[in-house]
There are 2 protein chains.
Amino acid sequence: MMPDTVLVVGTGLLGTSVALTLREAGVEVWLHDCDPEASAIAASMGAGTVGLPEVDPDLVVVAVPPFITGEVIAEWQLRYTTSTFTDVASVKAVPLHDLMVAGGDLTRYVGGHPMAGREIAGPSGARVDLFIDRVWVITPLDGTELERVGLARGIAENAGAVPVMLDPTAHDRAVALTSHAPQVVASLLAARLAHADPAEVMVSGQGLRDVTRIAASDPELWTEILAANSDQVLDVLDGLESDLQTMRDALRHWSSAEGGRPSDLADITYLLRQGNAGRARVPDKHGDSAAPEYTVVAVQVDDRAGQLGRLFAATGEAGVNIEDVRIDHALGRLVAVVELSVRPEAAQPLERALTEAGWKLRS
Amino acid sequence: MMPDTVLVVGTGLLGTSVALTLREAGVEVWLHDCDPEASAIAASMGAGTVGLPEVDPDLVVVAVPPFITGEVIAEWQLRYTTSTFTDVASVKAVPLHDLMVAGGDLTRYVGGHPMAGREIAGPSGARVDLFIDRVWVITPLDGTELERVGLARGIAENAGAVPVMLDPTAHDRAVALTSHAPQVVASLLAARLAHADPAEVMVSGQGLRDVTRIAASDPELWTEILAANSDQVLDVLDGLESDLQTMRDALRHWSSAEGGRPSDLADITYLLRQGNAGRARVPDKHGDSAAPEYTVVAVQVDDRAGQLGRLFAATGEAGVNIEDVRIDHALGRLVAVVELSVRPEAAQPLERALTEAGWKLRS
């Protein structure tokens with residue numbers, strides 16, 4: 001269900017991007033921001049008209065920082081007394097709590113969290129295709145009218161996103177588990193490297209690069225996110241801490257002068273197995289957690305322009321679809337190994353085709 | 001400096017692969033394994049001759065599990081009283097300690113750790129190109145004769161590896177920091193997902209996939225590795241535990257009824273910044289930790305055979321070298337976004353070339 005009229009409060013990256021998707025669908029959009037320059041930029045990008053509607057719009061999209069979202073919604077509910085309200089905050093319990101405290105109308109609020117974003121903040125970073133194929137969580141309450149839920153869902157679908165319905169607490173638990181706690185873990189592990197000997201860091205490989213990749217994230221932004229979801233993040237970290245304790249105890253007993261016990265090794269193996277089980281539940285790139293395991297075909301290429309073109313021309317000719325690619329560069333040499341992930345049944349035909357085309361396969 | 005004659009004790013994946021690289025260089029190689037079938041397979045692959053040399057070989061390569069490496073070296077040193085000995089164990093303090101306890105000759109032992117391997121165990125998985133461009137750590141002791149070090153270094157270079165000299169303790173500290181502790185952290189984080197609600201796991205994205213990728217590793221193998229390097233791994237995990245404590249305290253204060261203090265947020269930000277600093281020290285795929293930051297050009301493609309070929313043909317025509325590729329599959333749709341990492345100065349020309357060739361760029 002699409003709204004005919006929408007007011008977007010807060011024309012940053014997300015607010016302006018939502019406005020662009022609405023304009024593309026012919027919705028009448030008003031833009032408001034406490035910074036007049038921000039709404040002017042958004043309007044100049046074709047996101048709508050700066051100003052406020054005279055009569056209640058069908059939907060008000062509040063796209064302001066999580067810590068003020070609840071208050072801002074309550075404030076605008078006083079002016080537009082029949083409109084449905086949604087937001088884009090990355091946590092859902094805090095805005096709901098603040099809205100309640102501020103005496104807002106919970107029956108007209110349907111929380112939303114489009115899981116998209118870019119490093120570039122502000123309206124000038126906005127894109128109409130920002131949400132395509134992204135999860136957009138919608139968090140109705142038990143008694144929320146279906147028509148109001150339909151409006152929140154409608155703009156998500158219109159933006160090309162995949163709507164997922166969760167209650168607000170489940171949403172916060174989910175992002176704590178799948179995004180906030182992983183950020184903490186990656187940062188704390190990377191922090192161990194901050195003062196390490198360069199010669200010792202030199203032996204690191206792809207595993208460390210993968211585990212610490214998100215440790216490069218913006219510390220200020222992530223402090224806000226972690227603080228806004230502190231309860232749920234704590235819950236995950238408490239569980240992690242308890243397992244870490246078990247692991248450290250087992251390692252300490254094992255390395256102690258008295259010599260280790262087999263049960264110490266059993267504890268370690270158990271924890272690693274739990275890791276296997278958890279990892280198997282992470283959805284793959286097709287959003288399918290019961291995914292087929294891909295087979296990797298590794299090819300040696302010179303690290304220069306045109307080589308990948310030749311390689312992928314060859315895979316295309318073989319009629320094989322490449323599910324994923326990793327380039328493993330040589331350490332200090334201009335040779336790279338390209339790892340092509342393909343469905344198991346495609347591995348042999350691909351290997352044959354590439355070998356025939358003169359490519360050197362690597363084990 | 002290359003040996004003329006080598007005995008390989010233990011013809012598994014690593015031992016047989018080393019033997020293949022030596023045979024390629026014309027070295028005379030004898031193969032020995034407590035399992036006669038394993039040495040027979042290795043010999044049938046052209047890795048050398050099954051049996052023992054009559055006179056002392058220049059070098060004995062002991063390629064058996066870490067826990068028995070020291071003892072095995074001591075044993076063979078009794079038979080070959082002038083030969084230099086090296087090994088391939090993934091930890092270096094334990095074999096050295098065991099060799100000492102067994103009364104072996106430390107002056108004839110030069111530790112080695114080729115950082116390569118595949119899931120396929122045993123001689124049949126061996127490859128002559130297994131070590132190309134991989135780090136091969138060599139751990140001479142203070143008084144080790146240069147000629148003996150030269151032999152260990154010689155076979156590493158001959159195998160196409162990049163020799164890195166570290167003392168045994170520094171080696172173990174390095175792999176604890178860059179490989180063993182990351183494995184523990186990835187496994188413990190993934191373990192948190194083992195019993196999570198499927199709907200909640202559904203919201204996960206690329207970050208979680210990266211952090212937990214190595215959590216799929218073999219639990220038995222990793223139990224052995226962690227136990228063999230328990231002291232150094234504990235050292236890293238103790239530091240991590242202390243930071244985790246600080247993070248949890250800050251989050252707990254912040255979420256407590258009394259309300260948070262600004263210093264809690266400062267603690268969180270500090271830890272995340274340390275993560276930034278550590279991450280910046282991780283060598284990139286060219287082994288260069290002061291790496292240029294790459295710019296990502298994101299292109300939308302249909303997820304079917306031939307599309308990547310067309311895309312990389314276009315990048316090759318543009319004369320742009322692709323440093324890395326990530327395929328971000330659509331969630332349940334057959335559209336993928338291919339992220340091409342290129343040197344910053346190449347981004348604009350590439351974007352122009354791709355747009356002209358009709359590709360749809362994504363923000």
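How many residues of chain A are in contact with chain B? I looked this up before anything else, and I got 117 residues of chain A against 117 residues of chain B. Contact here asks that the C-beta atoms of two residues, placed from the backbone, lie within 7 Å.

**Ground rules.** I am working on a predicted model, where local features need pLDDT of at least 70, side-chain atom pairs count only at pLDDT 80 or more, and totals for chains, interfaces and linings use all residues. Residues are numbered from 1 along each chain as its sequence is written, while chains are lettered from A and ligands numbered from 1 in the order in which they are written.

**The A side of the interface.** I sorted the residues of chain A that touch chain B and found 63 nonpolar, 29 polar and 25 charged. For this I counted Ala, Val, Leu, Ile, Met, Phe, Trp, Tyr, Cys and Pro as nonpolar, Asp, Glu, Lys and Arg as charged, and the others, Gly among them, as polar.

**Symmetry.** I superposed chain A on chain B with a rotation of 180° and 0.0 Å of shift along its axis, at RMSD 0.1 Å. The fit is by least squares on the C-alpha atoms of residues with pLDDT of at least 70 in both copies. The two copies are thus related as by a two-fold rotation axis. In chain A, Val211(A) has the C-alpha nearest that axis, 2.0 Å away. I also see that both copies use the same surface, since 100% of the contact residues of chain A recur in chain B.

**Helix α12 against its copy.** Helices (H or I, at least four residues) and strands (E, at least two) are DSSP runs, numbered from the N terminus. I found the axes of α12 (residues 307–317) of chain A and α12 (residues 307–317) of chain B coming within 7 Å and crossing at roughly 160°. Axes are lines fitted to C-alpha atoms, for helices over the stretch in contact, with angles from 0 to 180 degrees between N-to-C directions. The pair α12(A) and α12(B) is therefore roughly antiparallel; angles under 35 degrees count as roughly parallel, over 145 as roughly antiparallel, 65 to 115 as roughly perpendicular and the rest as oblique. On α12(A), the contact residues include Leu308(A), Phe312(A) and Ala313(A), and on α12(B) they include Leu308(B), Phe312(B) and Ala313(B). I count six nonpolar, six polar and no charged residues in this contact.

**Helix α10(A) against α6(B).** Here α10 (residues 230–255) of chain A and α6 (residues 168–191) of chain B have axes that come within 9 Å and cross at roughly 135°. I therefore call α10(A) and α6(B) oblique to each other. Leu240(A), Asp243(A), Leu244(A) and Met247(A) meet Val184(B), Leu188(B), Leu189(B) and Ala191(B). By class, that contact of α10(A) with α6(B) has seven nonpolar, no polar and one charged residues.

**The sheet in chain A.** I traced an open sheet of eight strands with mixed pairing, in the order β3-β2-β1-β4-β5-β6-β7-β8. Two strands pair if DSSP finds at least two bridges between them. β3 (49–50) and β8 (162–165) of chain A stand at the edges with a single partner strand each, so one side of each has no neighbour in the sheet. Further in, I checked β4 (residues 59–62) and β5 (residues 84–87) of chain A, which pair in the parallel sense over four bridges. Val62(A) stands opposite Asp87(A) in β5(A).
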